[in-house]
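Let's take a walk through a protein together, one piece at a time. Have the 3D view open so you can turn it as we go.

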Amino acid sequence: MSGVPLFNLAPNLTVSRLCLGTMTFGEQNTLAESFQLLDQAFHAGINFFDSAEMYPVPQRPRTCGRSEEYLGRWISQRKIPRDSLVIASKVAGPSGQMTWIRGGPKCLDADNITEAIDNSLSRMQMDYIDLYQIHWPDRYVPMFGETEYDPVQQYASISIDEQLEALSAAVKAGKIRFVGLSNETPYGLMKFIQVAEKYASHLKIVSLQNSYSLLCRTFDSAMAECCHHERISLLAYSPLAMGILSGKYFSPGGGPTDARLNLFKGKYSEGESRYNLSNKIIKAATVLLFCDTPLLLVLFLGPPNHGSFGRF
């Protein structure tokens with residue numbers, strides 16, 4: 001492998017600075033297409049692959065878990081040494097809608113976390129997961145496009161102590177190596193770090209997987225400060241804002257029919273609410289991407305020394 005620089009995400013965890021997400025595998029992408037994408041990424045020097053128990057998206061009972069399954073089948077069929085890859089996955093937080101995942105988990109307690117880890121290992125046909133992340137918090141937080149906190153929406157939630165105790169047990173059992181968070185807030189990140197300290201050196205929060213792009217810069221304020229001082233790396237998901245920043249949706253005809261927001265139009269409420277294509281600001285930012293290169297470079301570079309790396 002060659003071509004993609006490496007980065008020390010944690011001691012004994014070296015990853016390529018680009019990570020291939022598998023969110024579309026099993027829904028938008030067939031098994032053959034998924035294998036082709038994985039082959040191209042691996043041969044380009046990417047060793048870091050991210051999945052989740054609820055993938056693919058849009059989520060539905062019949063396809064749930066296919067992304068992990070396809071990733072595991074690719075590793076097995078290509079006979080790739082397990083220690084040459086860094087595999088990440090995620091446990092779904094509370095969801096009354098996805099009843100096909102552990103009965104629609106009403107909370108993210110120890111039993112749910114343990115069951116999710118075992119199920120992911122089974123689907124991927126592997127003995128351990130390198131980076132295991134909480135997909136979204138077990139408490140109310142503004143996420144998936146929301147930006148304002150509403151205290152009225154807060155509800156009783158499982159303690160961070162219980163969640164980390166379950167993850168710590170999984171680390172000791174050799175089922176996972178490192179722990180990360182996703183769709184978190186500065187408050188949540190700092191509380192997890194604080195509580196994790198009681199588990200000594202074997203349990204560290206090493207990464208944060210949050211949305212980051214020209215259209216989503218919320219990381220750049222309080223979260224950037226937290227990650228800088230605590231040496232937490234950002235795994236930036238949706239760097240092209242679900243493909244909008246490629247410009248394809250503003251081309252004549254509204255882009256390819258198999259593009260995600262066209263293919264799943266009306267079935268992908270989260271994506272459509274986060275990025276409304278009729279929003280003039282979104283269109284202006286996308287046009288800027290193609291018309292004003294000097295400004296684009298400044299925006300992409302962002303504040304220095306985040307220690308973050310991208311994902312596509």
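Before we look at who sits across from whom, here's the ground rule: two strands count as a pair if DSSP finds at least two bridges between them. Keep in mind, too, that what you're looking at is a predicted model. Its average pLDDT is 87, and 90% of the residues score at least 70. One stretch to treat with care is residues 293–312, where pLDDT stays under 50. Even so, the model gives that stretch 48 contacts beyond four places in sequence.

Now find strand 6, which covers residues 129–134. Is it buried or exposed? Mostly covered, it turns out: 6 of its 6 residues are buried.

Let's meet the strands it pairs with. Strand 5 (residues 86–91) is joined to strand 6 by 4 bridges, and the two run parallel. You can spot the pairing at Val91, which stands opposite Ile134 in strand 6. Strand 7 (residues 176–182) also runs parallel to strand 6, this time with 5 bridges joining them. Here, look for Ile129, which has Ile176 of strand 7 standing opposite. While you're zoomed in, a handy rule: in a regular strand, side chains alternate between the two faces of the sheet.

How does the chain fit a helix in with these strands? Strand 5, helix 3 (residues 110–124) and strand 6 together make a right-handed β-α-β unit.

Stay with helix 3 for a moment, since it has a partner of its own. Its axis and that of helix 4 come within 8 Å and cross at roughly 35 degrees. The crossing is a right-handed one. Which residues do the meeting? From helix 3 come Ala110, Ile113 and Ile117, and they meet Glu162, Gln163, Ala166, Leu167 and Ala170 of helix 4.

Finally, two loops are worth a visit. Glu146 lies in the loop between strand 6 and helix 4 (160–172). With a relative accessibility of 47%, Glu146 counts as partly exposed, because it doesn't get over the 50% needed for exposed. Glu146 and Ser273 are 127 residues apart along the chain, yet their C-alpha atoms are separated by 9.4 Å.

The other loop runs between strand 3 (18–21) and helix 1 (31–43), and Thr24 is found there. Why does Thr24 count as buried? Because its relative accessible area is 14%, and buried means under 20%. Leaving aside neighbours within four places in sequence, Thr24 is in contact with Asn29, Pro56 and Arg260.

Key:
Residues are numbered from 1 along each chain as its sequence is written. This is a predicted model: local features need pLDDT of at least 70, side-chain atom pairs count only at pLDDT 80 or more; totals for chains, interfaces and linings use all residues. Side-chain values use heavy atoms; hydrogens and water are left out. pLDDT is the predictor's confidence in each residue, from 0 to 100. Contact means heavy atoms within 4.5 Å. Buried means under 20% relative accessible area, exposed over 50%, partly exposed in between (1.4 Å probe, protein chains only). A crossover is right-handed if, with the strands pointing away from the viewer, the path from the first strand over the helix to the second runs clockwise. Axes are lines fitted to C-alpha atoms, for helices over the stretch in contact, and angles run from 0 to 180 degrees between N-to-C directions. A crossing is left-handed if the near helix is turned anticlockwise from the far one by less than a right angle, and right-handed if clockwise.
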